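Here is a friendly walk through the strands and helices of this model. Keep the structure open beside you as you read.

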Amino acid sequence: MLDDGIYVLIKKGDPEQLQKRQFLQKEECAIGRRGNQLQPDIAFSSPYISRRHAVIRKINNQYTISDLQSKHGTEVNGMPIQQAPHFLYHGDHITLAKGVVEMIFFAEGSEMDVTREFSFPLTIPKETTSTSGLVINLERREIRLDGTRIHLTGKDMDLLMLLYQRANQAVSYDEIMVLVWPERLLNAESSVPDVGRAEINALVYRLRKRLGRYGENITTIPRFGYMWEK
């Protein structure tokens, strides 16, 4: 048995599976279309999903996903992947067959949610010595604004990463609840964590203050959610 905190949340697929968590309890979990003789670990009924569509593997304490030459493809965060293993990180969006199935990968409390680095403006490379702009080192949970380190809580960091990865796309309140507060799901059958909008708004307010002038990049989408606007 593997880590209990490692699972995928099904956002789109068979109706009875929506918002269900599929825990990755094996070293190798097959994803595909269910059949009379073939029952993948994560199974769907759509004919657009191949019998052997993709596979999630644990390799040296890191989870990867590979497409198995499926007819309609596999994407991670909107980018097509091939048979070569693609590393998965906490919050990654997995799409099968151009959106027929959508899942979110969760790795709560593991190293997989803190190993990527982003910087703003995007023209500043990782190894730059410049002290201007906003630099985020997720591996060390470190944020620097114009060269000065600022402190963000875990929830601040989770929200910032979510909004940035979906830059120029509106992120709904429900998605923020699920991705930032997954531990607040009341049980395996719950679809949305026990989090109110007032709590989300308070987190956004705090994050904006911490980011200084970059806080203006977080745009409110009335009656829907928030967006990181470049």
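What follows covers two sheets and a pair of helices in a predicted model.

Let's begin with the antiparallel sheet. Six strands make up this open sheet, and their order is 2-1-11-10-7-8. Strand 2 (21-23) and strand 8 (79-80) are its edge strands, each pairing on one side only. Helix 2 packs on this sheet, where it touches strand 1 (6-12), strand 10 and strand 11 (101-107). The direction of helix 2 makes about 35° with that of strand 11.

The other sheet is also open, with five strands in the order 4-3-5-6-9 and mixed pairing. Its edges are strand 4 (42-44) and strand 9 (86-87); each has a single partner strand, so one side of each is left without a neighbour in the sheet.

Two antiparallel strand pairs are set out here, with a residue pair from each.

| Strand pair | Bridges | Facing residues |
|---|---|---|
| Strand 7 (residues 74-76) and strand 10 (residues 93-96) | Three | Thr74 and Leu96 |
| Strand 5 (residues 54-59) and strand 6 (residues 62-67) | Six | Arg57 and Thr64 |

Now back to helix 2 and its helical partner. How do helix 2 and helix 3 cross? The axes of helix 2 (residues 173-180) and helix 3 (residues 197-210) come within 11 Å and cross at roughly 75°. The two helices are therefore roughly perpendicular to each other. Helix 2 contributes Tyr173, Ile176, Met177 and Val180 to the contact, while helix 3 brings Arg197, Ile200, Asn201 and Leu203. Of these contact residues, six are nonpolar, one is polar and one is charged.

Methods. Residues are numbered from 1 along each chain as its sequence is written. This is a predicted model: local features need pLDDT of at least 70, side-chain atom pairs count only at pLDDT 80 or more; totals for chains, interfaces and linings use all residues. Side-chain values use heavy atoms; hydrogens and water are left out. Axes are lines fitted to C-alpha atoms, for helices over the stretch in contact, and angles run from 0 to 180 degrees between N-to-C directions. Helices (H or I, at least four residues) and strands (E, at least two) are DSSP runs, numbered from the N terminus. Angles under 35 degrees count as roughly parallel, over 145 as roughly antiparallel, 65 to 115 as roughly perpendicular and the rest as oblique. Contact means heavy atoms within 4.5 Å. Ala, Val, Leu, Ile, Met, Phe, Trp, Tyr, Cys and Pro count as nonpolar, Asp, Glu, Lys and Arg as charged, and the others, Gly among them, as polar. Two strands pair if DSSP finds at least two bridges between them.
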